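Please open the model in your viewer and keep the selection tool at hand. The tour below moves from one stop to the next, with a short note on what is there.

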Amino acid sequence: MDDFVIAENPEEGTSLPYLVRIPLGPDGIVLKTRDTWPRTSKLYCHPAEWPEDPVVVERVAVRTCRRRGAALDLVLVRGRHSRGQLGFAPGRGRPLFFWPPATVA
């Protein structure tokens with residue numbers, strides 16, 4: 001399984017300065033978000049494209065990554081902030097992604 005990768009968003013002036021690549025499917029799922037991990041409040045994530053030469057902030061091995069209905073369960077190989085669950089919902093003709101912290105999930 002590929003790694004979970006966090007990179008800088010190359011878009012100028014965006015309120016979503018990070019890209020995360022979740023290793024699910026052949027190309028993974030790439031999302032723009034405002035932080036590298038949800039710590040105190042849920043993060044809104046927006047679909048994005050992975051850049052050709054990303055500036056990688058963090059790369060973490062993945063223990064488990066699977067889709068379960070409208071949720072995606074993610075377990076990383078690290079001590080803190082290792083478990084996450086992203087929620088998918090349809091909205092205005094495009095999917096919406098929300099990533100709550102583990103204490104809220």
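Start by selecting Cys65, which counts as buried because its relative accessibility is 9%, where buried means under 20% relative accessible area, exposed means over 50%, and partly exposed lies in between, computed with a 1.4 Å probe on protein chains only. Before moving on, note that this is a predicted model, in which local features need pLDDT of at least 70 and side-chain atom pairs count only at pLDDT 80 or more, while totals for chains, interfaces and linings use all residues. Residues are numbered from 1 along each chain as its sequence is written, and side-chain values use heavy atoms, with hydrogens and water left out.

Keep Cys65 selected and add Cys45, which counts as buried because its relative accessibility is 0%. The structure holds zero disulfides, a disulfide being a pair of cysteine sulfur atoms within 2.5 Å. For Cys65, the nearest cysteine sulfur is that of Cys45, 13 Å away.

Next, select residues 71-76, which make up strand S7; helices (H or I, at least four residues) and strands (E, at least two) are DSSP runs, numbered from the N terminus. Is this strand mostly covered or mostly uncovered? S7 is mostly covered, with six of its six residues buried. Show the side chains, and you will find that Ala71, Asp73 and Val75 point one way, whereas Leu72, Leu74 and Leu76 point the other way. In a regular strand the side chains alternate between the two faces of the sheet.

Now add residues 62-68, strand S6, which runs antiparallel to S7 and is joined to it by six bridges; two strands pair if DSSP finds at least two bridges between them. Here Cys65 returns, since its bridge partner in S7 is Leu74. Two residues lie between the strands of this hairpin, in which Gly69 takes a positive phi near 65 degrees.

On to strand S8, residues 83-91, which runs antiparallel to S7 and is joined to it by five bridges. Leu74 can serve as the guide again, as its bridge partner in S8 is Gly84. The hairpin of S7 and S8 has six residues between the strands, and His81 in the turn has a positive phi of about 50 degrees.

For the last stop, select Pro100, found in the segment after strand S9 (94-99). Pro100 counts as buried because its relative accessibility is 17%. If you also select Arg21, 79 residues apart from Pro100 along the chain, the two C-alpha atoms are separated by 17 Å.
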